[in-house]
Protein chains: 2
Amino acid sequence: MAAGPPRGPLAGLRILEIGHFVAAPFCTRLLADLGADVIKIEPPTGDPVRQWGAQCNGHSLWWSVHGRNKRSVTLDLKHPKAPEILLKMIARCDALVENLRPGHLDKLQLGVDRLRAAKPDLVIAHISGFGQSGPYRDRAAFGVIGEAMGGLRYLTNHDPEESDLPPVRAGISIGDSIAGLYAAFGVLAGLWNRDRGTGTGRVQSIDVALTESVFSLMEGMLAEYSVLGLVRQPVGSRIATTAPSSAYPTKDGRWLVIAANSDRLCARLLEAIGQPHLAADGRFADNATRLQNVKALDAVIAGWTRERSIVEAEDLLVAADIPCCKAYTIADCATDPQFIARGMVQDVYDDNLGAMLHPGIVPHVPDNPGRIRWPGPAIGAHTREVLQELAGLGTEEIDRLGEYGVI
Amino acid sequence: MAAGPPRGPLAGLRILEIGHFVAAPFCTRLLADLGADVIKIEPPTGDPVRQWGAQCNGHSLWWSVHGRNKRSVTLDLKHPKAPEILLKMIARCDALVENLRPGHLDKLQLGVDRLRAAKPDLVIAHISGFGQSGPYRDRAAFGVIGEAMGGLRYLTNHDPEESDLPPVRAGISIGDSIAGLYAAFGVLAGLWNRDRGTGTGRVQSIDVALTESVFSLMEGMLAEYSVLGLVRQPVGSRIATTAPSSAYPTKDGRWLVIAANSDRLCARLLEAIGQPHLAADGRFADNATRLQNVKALDAVIAGWTRERSIVEAEDLLVAADIPCCKAYTIADCATDPQFIARGMVQDVYDDNLGAMLHPGIVPHVPDNPGRIRWPGPAIGAHTREVLQELAGLGTEEIDRLGEYGVI
């Protein structure tokens with residue numbers, strides 16, 4: 001792909017990433033998508049995430065997305081010559097995003113003091129499983145553990161009366177992604193403070209924990225527990241406080257999500273499925289009674305959906321103005337008219353993978369949109385150009401670093 | 001609570017919120033937690049989210065958290081006198097965050113042109129179900145629909161061979177929260193551009209869709225679908241590409257999440273549960289064979305957990321250095337040593353609710369932490385002070401607005 005100049009609100013911002021796997025690289029993808037110049041430091045063997053997910057011709061499809069818009073620089077951080085080179089680059093960056101184990105940067109002679117000596121107002125975002133302090137700091141961080149400690153896994157389950165299967169994983173690296181989002185937000189908060197803030201401190205480290213990022217989404221649960229002793233329980237496909245809202249099976253084995261959880265919507269739904277008399281039934285007259293009789297109500301709705309294909313059922317309910325949609329597979333996302341109209345399904349050409357689709361850029365910035373400048377690059381594709389540009393190294397010096405195995 | 005001066009990296013930033021329910025108020029809570037002055041405009045009847053979740057003495061516990069650190073100003077936006085007052089306030093703000101239906105601001109005589117006339121470099125973040133453009137723009141936005149269209153609901157399910165129950169809702173308003181996070185990130189990106197950016201456009205609107213926010217977390221799935229035709233399928237509690245990683249039942253009806261998905265960890269786990277010989281079993285020797293025999297492997301592990309209480313099983317495996325934890329309930333979060341050590345469980349006094357707990361502030365900014373200055377305020381608690389300070393109104397004028405029902 002022809003790269004073209006950076007575009008988007010963050011054009012002019014430069015971020016260095018010492019990251020691997022999901023959280024830090026996701027954070028920097030968000031920044032790069034909006035125009036930041038992201039320099040990803042990789043060991044000569046590459047970020048292990050390059051091996052994750054399905055491969056084609058030995059290349060990861062996830063990497064094409066995960067690494068896009070970034071410049072890849074190989075640098076063996078364990079080599080004694082590496083810190084000096086890295087510090088030269090850091091001096092030219094606005095922020096560092098890293099997700100090594102807490103304390104590992106120190107071991108690499110890249111502790112916060114040395115980083116700040118090279119760039120006094122550097123914003124540093126640390127991402128880890130449990131945070132940079134506290135008794136669990138040094139535990140191995142696995143996404144599923146972070147999600148479980150944050151309270152998500154317990155709630156993502158059926159009512160134990162309906163199933164003895166285990167609680168479900170959300171099916172994606174959701175804890176890592178949410179932590180990456182918080183880190184991107186934190187980096188920009190630190191930069192706003194650097195440039196315009198009236199607060200006391202100007203030096204900003206951002207300490208993002210995967211557990212805490214998930215925990216922060218738990219609505220009013222901690223408050224409810226502390227005052228009323230309430231412990232929120234899982235309710236499967238439903239919502240505990242309102243009905244009907246669930247996923248209903250169709251004849252062709254799909255699920256139709258229906259959210260008819262108001263008196264007006266429920267009455268309209270019952271009419272649309274040929275049961276208008278039930279709107280006046282005392283069991284379904286208002287939200288409180290519907291919740292008491294939610295299994296009976298859901299059985300009525302499922303009885304109707306089960307006799308129809310997903311297309312037929314969705315068309316009929318959309319025509320009746322009932323909020324509903326199939327549970328989208330990735331194939332449904334790829335062909336959805338709204339996603340296509342909004343640029344969320346983009347044609348990209350990857351030299352290793354050919355013509356392919358990438359998800360678009362979130363958030364959308366209509367006045368000044370970011371764009372996909374290139375897909376995930378080869379390991380070290382930009383080593384030479386970045387070492388010249390940011391570390392001021394000459395061609396021969398760079399050749400020598402290659403011979404020594406530093407890059 | 002004594003408020004004290006704002007603190008945190010965003011102290012000095014002022015945000016106006018015309019929001020309701022979850023997404024926009026969650027966005028502004030994140031900004032307020034880091035020190036921004038957030039002014040929430042509410043109708044005289046208040047944001048309906050004040051009625052959500054469990055109540056105590058007629059006050060919502062969720063609201064205590066959701067509304068914290070914000071100033072509440074009542075203003076009936078449908079009143080003909082309201083736009084002029086709002087525009088005076090906007091002139092003194094850095095950004096606006098709103099989640100009315102797309103186009104609704106125009107109907108209130110508060111279209112983007114009028115807002116920009118009052119404050120030319122205002123950053124405006126719009127949050128909606130499907131975005132400000134495209135064929136679904138005007139559809140009613142329900143969180144569960146956005147999550148389903150984004151691809152999350154389909155994947156949050158058991159393998160259909162193991163269960164015919166519907167796919168599970170994550171149990172929290174996760175789509176709204178993720179959209180709120182993207183909006184907070186977008187607001188700061190717009191402000192960075194206003195103050196420092198070298199890009200072309202300086203005027204910034206941010207258009208965040210709930211569907212797209214969820215879709216953006218779908219890893220490499222769209223790329224895999226486009227090149228290989230792969231449609232990612234749900235796998236329940238497990239991870240499709242690595243094993244063992246799941247939640248296992250204990251004698252006392254709890255779930256223990258275990259992530260022993262490497263050769264080394266799996267061998268150590270099998271030893272810890274008294275089956276060291278199985279580490280050499282051909283079925284479990286490497287990740288590929290473990291995936292082929294994952295049901296048998298999980299049955300072995302569950303056979304062991306089922307005979308122990310959650311405390312006993314977790315203690316034994318932690319001692320063996322196996323990444324694991326119980327699926328935390330909110331009670332577990334409230335008492336967890338790491339959350340407590342990291343300030344994630346904070347004592348707060350709410351005048352309406354008494355002593356209670358609030359979740360701490362994410363991300364943690366050690367040099368310059370945000371803090372909880374006050375819990376969610378009463379409707380219009382700050383109307384008078386804000387109208388004086390930002391709209392320049394006198395006491396008598398404000399009295400008259402009250403008589404007219406504007407505030």
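**Chain B: its small sheet and its partner**

In chain B, strands S9 and S10 (residues 255-259) run antiparallel and are joined by five bridges. One residue pair to look at is B:Tyr248, whose bridge partner in S10(B) is B:Leu256. Keep in mind that this is a predicted model. Below, the sheet comes before the contact with chain A.

**The sheet in chain B**
- S9 and S10 belong to an open sheet of three strands, ordered S9-S10-S11 in chain B, and the pairing is antiparallel.
- Strands S9 (245-249) and S11 (324-326) of chain B are the edge strands; each has a single partner strand, so one side of each has no neighbour in the sheet.
- From one strand to the next, the twist averages 20 degrees.
- Helix H14 of chain B (residues 310-319) lies across S10 and S11 of chain B, and runs at about 165 degrees to S11(B).

**Where chain B meets chain A**
- On the chain B side, 135 residues are in contact with 133 residues of chain A.
- Helix H8 of chain B (residues 174-196) gives the largest share of the side that touches chain A, with 17 residues.
- That side of chain B splits into 82 nonpolar, 40 polar and 13 charged residues.

**How the two copies relate**
- A turn of 180 degrees with a shift of 0.0 Å along the axis lays chain B on chain A, with an RMSD of 0.0 Å.
- That's the relation of a two-fold axis.
- The C-alpha of B:Phe185 is the one nearest the axis in chain B, 2.3 Å from it.
- Both copies use the same surface: 99% of the contact residues of chain B recur in chain A.

Conventions:
Residues numbered from 1 in each chain as written. Chains lettered and ligands numbered in written order. Predicted model: local features only at pLDDT ≥ 70, side-chain atom pairs only at ≥ 80, totals over all residues. Contact = placed C-beta atoms within 7 Å. Helix = DSSP H or I, 4+ residues; strand = E, 2+ residues; numbered from the N terminus. Nonpolar A, V, L, I, M, F, W, Y, C, P; charged D, E, K, R; others polar. Least-squares fit on C-alpha atoms with pLDDT ≥ 70 in both. Pairing = 2+ DSSP bridges. Axes fitted to C-alpha atoms, helices over the stretch in contact; angles between N-to-C directions.
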